[in-house]
Amino acid sequence: MFAERLKELRIHNKLSQSQLATAIGVTNQNVSDWENGKSETSFEKLIKLAELFMVSTDYLLGRVDKKEN
């Protein structure tokens, strides 16, 4: 669920993988791997993603369907 939500939020916010990577301090390959379900992110990066997209970590992880914190 994380992979799908991340990609959906990135596209909705009109960010490229490269722009997202730069915004949270990771490589383009990290973002690609996350979106393709090849790897998982750290807690630190998960929190940065939630803050950037203004959603809860539970939403990103697929635990809830409500986007707001």
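This briefing walks through the fold, the core and a few individual residues of one chain.

Keep in mind that you're looking at a predicted model. The chain has five helices and zero strands, so if you read from the N terminus on, the elements simply go α-α-α-α-α. The radius of gyration is 11 Å, close to the 11 Å that the globule rule gives for 69 residues, so the chain is as compact as a globular protein of that length.

**Overall shape**

- Picture a box drawn along the principal axes: the C-alpha atoms of the chain fill one of roughly 30 × 20 × 20 Å.
- Of the 69 residues in the chain, 36% are buried.
- Take the contacts in the chain with a separation of 6 or more: 47% of them join residues 24 or more positions apart.

**The nonpolar core**

- Here's a general idea to start with: in soluble globular proteins, nonpolar side chains tend to be buried together.
- In this chain, the largest nonpolar core has 16 residues, and F2, L6, W34, L49, F53 and L60 are the ones that touch the most other members.
- Which helices supply at least two residues each to this core? They are α1 (2–12), α2 (17–24), α3 (28–35), α4 and α5 (57–61).
- Helix α4 gives the most to this core, with four residues.
- L49 shows how the pieces come together: leaving out residues up to four places away in sequence, L49 touches F2, L6, L20, I24, W34 and L60.

**Helix α1 and its surroundings**

- Look along α1 and you'll find that F2, A3, R5, L6, L9 and R10 are buried.
- A bit of helix geometry is handy here: an α-helix has 3.6 residues a turn, so residues three or four places apart point the same way.
- What do the buried residues of α1 pack against? Their partners are α2, α3, α4 and α5.
- R10, which lies in helix α1, has a relative accessibility of 9%, so R10 counts as buried.
- Not counting residues up to four places away in sequence, R10 touches L15, S16, Q17, L20, E35 and F53.
- R5 has a ring for company: its charged end sits over the ring of Y59, 4.0 Å from the centre of that ring.

**Aromatic rings**

- Generally, a pair of aromatic rings is described by the distance of the centres and the angle of the planes.
- How many aromatic pairs are there in this model? With ring centres required to lie within 6.5 Å, the count is zero aromatic pairs.

**K45 and V26, a pair worth finding**

- K45 is in helix α4 (residues 43–53), while V26 is in the loop between α2 and α3.
- Is K45 buried or exposed? K45 counts as buried because its relative accessibility is 14%, and buried means under 20%.
- V26 counts as buried too, because its relative accessibility is 17%.
- In sequence, V26 and K45 are 19 residues apart, and in space their C-alpha atoms are 8.6 Å apart.
- If you set aside neighbours within four places in sequence, K45 is in contact with I24, G25, V26 and W34.
- With that same kind of neighbour left out, V26 is in contact with A21, V31, W34 and K45.
- W34 turns up in the contacts of K45 and in those of V26.
- The side chain of K45 also reaches the backbone oxygen of I24, at 3.1 Å.

**Two loop residues with positive phi**

- As background, most residues other than glycine have a negative phi, and most peptide bonds are trans.
- K14 is not a glycine, yet its phi is positive, at about 55°.
- K14 follows α1 and is found in the loop between α1 and α2.
- Where does K14 stand on accessibility, buried or exposed? At 73% relative accessibility, K14 counts as exposed.
- M54 is another residue other than glycine with a positive phi, near 55°.
- You'll find M54 in the loop between α4 and α5.
- M54 counts as exposed because its relative accessibility is 65%, and exposed means over 50%.

Key:
Residues are numbered from 1 along each chain as its sequence is written. This is a predicted model: local features need pLDDT of at least 70, side-chain atom pairs count only at pLDDT 80 or more; totals for chains, interfaces and linings use all residues. Side-chain values use heavy atoms; hydrogens and water are left out. Rings of Phe, Tyr and Trp (its six-membered ring) pair if their centres lie within 6.5 Å; planes under 30 degrees apart count as stacked, over 60 as edge-to-face and the rest as tilted. A charge sits over a ring if NZ of Lys or CZ of Arg is within 6 Å of the ring centre and within 35 degrees of the ring normal. Buried means under 20% relative accessible area, exposed over 50%, partly exposed in between (1.4 Å probe, protein chains only). A polar contact is a pair of N or O atoms within 3.5 Å; within protein, one must be able to donate a hydrogen and the other to accept it, and residues adjacent in sequence count only if both atoms are side-chain atoms. Contact means heavy atoms within 4.5 Å. A nonpolar core is a set of buried Ala, Val, Leu, Ile, Met, Phe, Trp, Tyr and Cys residues joined through side-chain atoms within 4.5 Å. The radius of gyration is taken over C-alpha atoms; the globule rule is 2.2 Å times the number of residues to the power 0.38.
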